[in-house]
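Trainee: I have a model open and would like to go through it with you. Where should we begin?

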Amino acid sequence: MEERMGHAQTLSVETGSCAAYTTMDALRRRPALSLLRDMAQKSAKEEAAERKEGRDETAPQEAQDAAEAPSTANGHPNGEADAEDAEAERASDEAPADEDEGEEEEAPSPEEIQAASEVPSAPVKLELKFKTYPGDQFTHDELHLGDKQVVKMYRNMLLQRRFEERCRQQYQQQNISGFLHLYIGQEAVSTGTVAAIRHGEDSVITAYRDHGLALAMGLDPGECMAELFGKETGVTDGKGGSMHFFGREERFFGGHGIVGAGVPLAAGLAFAHQYRGDEEICVGFFGDGAVQQGAFHEALNLAGLYDLPAVFICENNQYGMGTHIERAAANPDLYQQAAAYDMPGAVANGQDVFSVNRAVQDHVEMAREGQPSLLEVRTYRYQGHSISDPANYRAEGELEAQQKSDAIIRLKKYLLDEDLASGDTLDEIDEEVKQEVLDAIAFAEESDLPDESALYENVYAGEYSFLS
Ligand SMILES: Cc1ncc(C[n+]2csc(CCOP(=O)(O)OP(=O)(O)O)c2C)c(N)n1
Ligand SMILES: [Mg+2]
């Protein structure tokens, strides 16, 4: 049952019996840091003594210890209450890590343990709200983006597009080999996101379709092109190729070829921020295909459990290789997966850079307050899955229909309509960008291939007794 309510969508679910919802809320979770601190403080000796005693006689205590795991389990707190009330409650419940220092967590009482094992006598009705960010709803002023910044965002999206158009050509000329997955069509997602984070402080990680995000994160186009050419001046010294762009200074953590593999890494990066207490966050990108993968679910579960400062962004371009989302996902409304992990979920229009920016600003703010979330961004890739995929699985006219809402053309129209730039200025920007990409190719061509000895750098290449 679905009912649209302005920008929010409500979903009601009725279940026959759902024991956890009403009672788990009483058993408040413990922040990950306090769990870690406790673990560190327990000496091996104490643990051994506890194990022995617990087995012998302390049945109530044992029940309490056993309840530590359920106490962190993940009933959605909203229950029948309004989602906003639940959010407010959650915010007031959670003390920042440093204030928490030294406080003893109270173990759940026997009554609470008892309550947690009861089954509600009536069907449980669950109401959830998911925020939506449709296209053409936001202005740059509302988003606190300056006039010049919007022009820069346009330039950046164009740079991504022109860079990849040349990548395709360079691949055909055999200057690039190996895999090549193009991001053309999705540029508003990367640019809109980067304009919403603390660039150079927050961590960002993505999957293998990584050129666009790398350029949005400020990686040098010449070094990116050199990476594709396998040259030593490349962003990963020519050893990573298309799928493994990295930028240490920019805090861009790749570039990962295994579907879903970046999602637990995003959770790990977010955990590092939480552990250090540096108030930075991690934005983890992945495709719609990754949501069908176990690693996604494990990572979101941990993030929900530990209140990690993470924004999980699913770039739903509708395809995983040649398989359409409708044929791969039991529930193609991917943002709704958030409910299973006790976090807010939302969906944004990935063909409108302002919708993306508004959504990511909101989600980044939540992450800084210790609330992880899932944001689905609906977009579309114009090219096949990789350079060698002719995309014959597409329906006739499908691509052309999507191109009508092209994000770069949309932003260009906005800039002209709002008088933020003249047509001549935008033409000049295009010429500049094209030249920048040609310069990147020249840089890649002139660079050297890595020395043979570099094969053994930064890899486990020692002597192994079991191999001899
Ligand atoms: C664990 C794993 N399974 C399968 C593959 C093969 N594979 C490569 S890309 C891909 C589809 C992923 O689609 P999606 O996550 O939507 O990303 P997109 O290509 O649309 O950016 C698959 C199945 C892989 N790389 N890793
Ligand atoms: Mg996809």
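Trainee: How many helices and strands are in the chain?

Mentor: This is a predicted model, so local features are read where pLDDT is at least 70. Of the 468 residues of the chain, 41% count as buried. The chain holds 18 helices and ten strands.

Trainee: Among contacts between residues at least 6 apart in sequence, what percentage join residues at least 24 apart?

Mentor: The count leaves out pairs that are fewer than 6 apart in sequence. Of the contacts that remain in the chain, those joining residues at least 24 apart make up 79%.

Trainee: Which helix gives the largest share of the largest nonpolar core?

Mentor: In soluble globular proteins, nonpolar side chains tend to be buried together. Here the largest nonpolar core has 98 residues, and Ala266, Ala270, Ala310 and Val311 touch the most other members. The largest share of this core is nine residues, and the helix that gives them spans residues 147-172: α9.

Trainee: Which residues does Ala266 touch, not counting those up to four places away in sequence?

Mentor: Ala266 is among the core residues that touch the most other members. With residues up to four places away set aside, the contacts of Ala266 are Ile205, Cys282, Gly284, Ala299, Ala310 and Phe312.

Trainee: Which residues of helix α17 are buried, and why do they line one face?

Mentor: The helix α17 covers residues 407-417, and its exposed residues on the other side are Ile409, Lys413 and Asp417. Its buried residues are Ala407, Leu411 and Leu415. Seen down the axis of α17, these buried residues line one face because they fall within an arc of 75 degrees.

Trainee: What do the buried residues of α17 pack against?

Mentor: The partners of these buried residues are all helices by label, with residue ranges 187-194 for α10, 353-368 for α15 and 423-446 for α18. The full list is α9, α10, α15 and α18.

Trainee: Is Glu418, in the loop between α17 and α18, buried or partly exposed?

Mentor: Glu418 is 279 residues from Thr139 in sequence, yet the two are 9.8 Å apart in space, C-alpha to C-alpha. A residue needs 20 or more other C-beta atoms within 10 Å to be buried. Glu418 has 13, so it counts as partly exposed.

Trainee: How many residues of α12 are buried?

Mentor: The buried residues of α12 include Pro221, Glu223, Met225 and Leu228. What covers them includes α9, α11 and α18. The helix is mostly covered, and the number of its eight residues that are buried is eight.

Trainee: Which peptide bond is cis?

Mentor: Most residues other than glycine have a negative phi, and most peptide bonds are trans. One exception has an omega of about 25 degrees. One of its two residues, Gly255, lies in the loop between α12 and α13. The cis bond joins Gly254 and Gly255.

Trainee: Is Asp307 buried or exposed?

Mentor: Asp307 follows α14 and is found in the loop between α14 and β6. Asp307 has a positive phi of about 55 degrees although it is not a glycine. With 25 other C-beta atoms within 10 Å, Asp307 is buried.

Trainee: How far does α14 reach from its first C-alpha to its last?

Mentor: The buried residues of α14 include Phe296, Leu300 and Tyr306. With 13 residues at 1.5 Å a residue, 18 Å is expected. The reach of α14 is close to that, at 19 Å.

Trainee: What class is Ala391 by exposure?

Mentor: Ala391 lies in the loop between β10 and α16. Ala391 also has a positive phi, about 60 degrees, although it is not a glycine. With 14 other C-beta atoms within 10 Å, Ala391 is partly exposed.

Trainee: How far apart in space are Thr379 and Gln318?

Mentor: Thr379 is in the loop between β10 and α16 and counts as buried, with 23 C-beta neighbours inside 10 Å. Among the residues Thr379 touches are Gly185, Glu315 and Gln351. Thr379 and Gln318 are 61 residues apart in sequence, and their C-alpha to C-alpha distance is 7.4 Å.

Trainee: Which residues come nearest to ligand 1?

Mentor: There are 14 residues around ligand 1. By class, five are nonpolar, seven polar and two charged. Those that come nearest are Val259, Gly287, Asp288, Gly289 and Gly320.

How values were computed: Residues are numbered from 1 along each chain as its sequence is written. Chains are lettered from A and ligands numbered from 1 in the order in which they are written. This is a predicted model: local features need pLDDT of at least 70, side-chain atom pairs count only at pLDDT 80 or more; totals for chains, interfaces and linings use all residues. A residue is near a molecule or strand if its C-beta atom, placed from the backbone, lies within 6 Å of it. Ala, Val, Leu, Ile, Met, Phe, Trp, Tyr, Cys and Pro count as nonpolar, Asp, Glu, Lys and Arg as charged, and the others, Gly among them, as polar. Helices (H or I, at least four residues) and strands (E, at least two) are DSSP runs, numbered from the N terminus. A residue is buried if 20 or more other C-beta atoms lie within 10 Å of its own, exposed if 12 or fewer, and partly exposed in between; C-beta atoms are placed from the backbone. A nonpolar core is a set of buried Ala, Val, Leu, Ile, Met, Phe, Trp, Tyr and Cys residues joined through C-beta atoms within 7 Å. Two residues are in contact if their C-beta atoms, placed from the backbone, lie within 7 Å. The arc is that of the directions from the helix axis to the C-beta atoms. The expected span of a helix is 1.5 Å times one less than its number of residues.
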